[in-house]
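Colleague: Could you walk me through reading a few features of this model? I'd like the general idea each time, then the case at hand.

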Amino acid sequence: MCSVLRLHIRCTVASELAERPHHIATEAYSAPMARLSDSDVLNTLERYGFSDEELTPWRGEHPDPWDTYRFEITNPDAFGGDDPAWSDDARGDWERLGQNIFEQSGQPGQLPSREQTEQQPPVGAVEELAWYLPFHYAGPDWGIYITEAGVIDTARRIKKRLGGGCSDPRETKELCQVALFILYFHEAFHHKVESFATRLEIARQKRVYIPYDQNVYRQLLSTNHILEEAYACFEMHSRLRGEKRFHGQVSSKIKEAALQFLKDWIPTLPPGYNRGLNVGELELLKLMSQIADGQEKPLQNPEDWKIANHMIRGLFKMEFAVRILVPRGATPQIPWSDGTRNLAIPFRKIKRHITRDIGYKETKRGKGSHRVYRCAGRPDITLPYGQESLSPKVQKQVARALGYENIRDLAANC
Ligand SMILES: [Zn+2]
């Protein structure tokens, strides 16, 4: 092979890698610093003792009782392709969903029953529909989780503002898309908060996120003073209004109906959340001081952060890595693109299955980015640590080691 061709292939592979989810940070960084992976973050935080997977305060529910579908929300193909009428099957699915959304548009939402835990989100909070699990607590399971029922419930409420008769497949698809964007914007802000705290931790070499979470967030939740939730609600409205790469995917009348819905809905949310339309830069800067100081009344002047406001960008482009949750074993109601292909088994589930159900034990080999598991009479299993879900290749290897026919069987047993 000539060297020019080899170079071209190498460059192509490198650029594909660079575009992979979870391997790029924000545009603010340039290669090769750009390659930030989940395991870089998790291992560094673990080494310094900044994370604590034993502490599990309610930031969101672990995804165990759900089937998880990974979803790239800015990729129109991920939504079943550009044209919802591309096949009879898909058209039928969209028509049924459109009927359901139309008939229920005036009804109260029907959310799936949730696992009862000691700590719950405030009643009526956005976190009943979607949540963000921070990497400081959730390790490889961190990320944005959005329930499919939450998307459909939000789409119904937007349809109520939109009016008109039963939606055709295109309108139904756009209603679901805009609903998904709204929930995503809220949860993406929680990732920005954790990213900001993490940058401070690295610069100062001391804990920031957990003290803020324990001493400020948890103390103020359900009160008017919870700035993180107020600003997360602000972002639902401001990002939908301002970011064309999102609202450009739906018609202007659906965008307007969604903005109207937010104007009506946000003031009805629990205390703090309900200030979402009335906060702005001042509150964001004060929140940054609260995070930096770990107290409600920070000593640091909020104005300082005007110089460093870019520090509250996300470490990762979360739009590539949203997970949609469907009750375990249920068929998704929204015709997302190929559901099987997107079925992602979380690291945690596979680890629990091989250690608890099969008898594998973690060996001392493979600290860092990999964990090696051993069980007499079976092949060793190596799992990449720090990825919230495992690649099809790794899932296939695990399925083979355990004697399953395929990934589906593995997923059903995890
Ligand atoms: Zn929230």
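Colleague: How many of the residues count as buried here?

Modeller: A residue is buried if 20 or more other C-beta atoms lie within 10 Å of its own, exposed if 12 or fewer, and partly exposed in between, with C-beta atoms placed from the backbone. In this protein of 414 residues, 42% count as buried. This is a predicted model, where local features need pLDDT of at least 70 and side-chain atom pairs count only at pLDDT 80 or more, while totals for chains, interfaces and linings use all residues. Residues are numbered from 1 along each chain as its sequence is written.

Colleague: And how many helices and strands are there?

Modeller: These are DSSP runs numbered from the N terminus: helices are H or I with at least four residues, strands are E with at least two. Here we get 15 helices and seven strands.

Colleague: Take helix 5: why is it described as largely enclosed?

Modeller: Count its buried residues: twelve of the 15 qualify, so the rest of the structure largely encloses helix 5. Among them are Gly150, Val151, Ile152 and Leu162, but also Glu148, Asp153, Arg156, Arg157 and Lys159. For length, the expected span is 1.5 Å times one less than the number of residues. Helix 5, residues 148-162, reaches 21 Å from first C-alpha to last, close to the 21 Å expected. Just after it, glycine 163 has a positive phi of about 70°.

Colleague: Which residues other than glycine have a positive phi?

Modeller: Glutamine 205 is one, with phi near 55°, and serine 222 is another, near 75°. Glutamine 205 sits in the loop between helix 6 (169-204) and helix 7 (209-220); it is exposed, with 8 other C-beta atoms within 10 Å. Serine 222 lies in the loop between helix 7 and helix 8 (227-242). With 17 such neighbours within 10 Å, serine 222 is partly exposed.

Colleague: Now a helix pair. What should I look at?

Modeller: Two packed helices are described by the angle between their axes and the distance between the axes. The axes are lines fitted to C-alpha atoms, for helices over the stretch in contact, and angles run from 0 to 180 degrees between N-to-C directions. Helix 6 and helix 11 (residues 281-293) pack at about 45°, with axes 10 Å apart. That makes helix 6 oblique to helix 11; under 35 degrees would be roughly parallel, over 145 roughly antiparallel, 65 to 115 roughly perpendicular, and the rest is oblique. In the interface, Val193, Phe196, Ala197 and Leu200 of helix 6 meet Met288, Ile291 and Ala292 of helix 11, where contact means C-beta atoms, placed from the backbone, within 7 Å.

Colleague: What is the strand order in the open sheet of three strands?

Modeller: Two strands pair if DSSP finds at least two bridges between them. The order is 5-6-7, with antiparallel pairing. Strand 5 (361-362) and strand 7 are the edges, each pairing on one side only. Helix 13 (residues 347-358) packs on this sheet, touching strand 5, strand 6 and strand 7.

Colleague: How many bridges join strand 6 to strand 7?

Modeller: Four, between antiparallel strands, and arginine 371 has leucine 383 as its bridge partner in strand 7. The two strands form a hairpin with six residues between them, and glycine 377 in the turn has a positive phi of about 80°. Along strand 7 (residues 381-384), Ile381 and Leu383 point to one face and are buried, whereas Thr382 and Pro384 point to the other and are not.

Conventions:
Contact = placed C-beta atoms within 7 Å.
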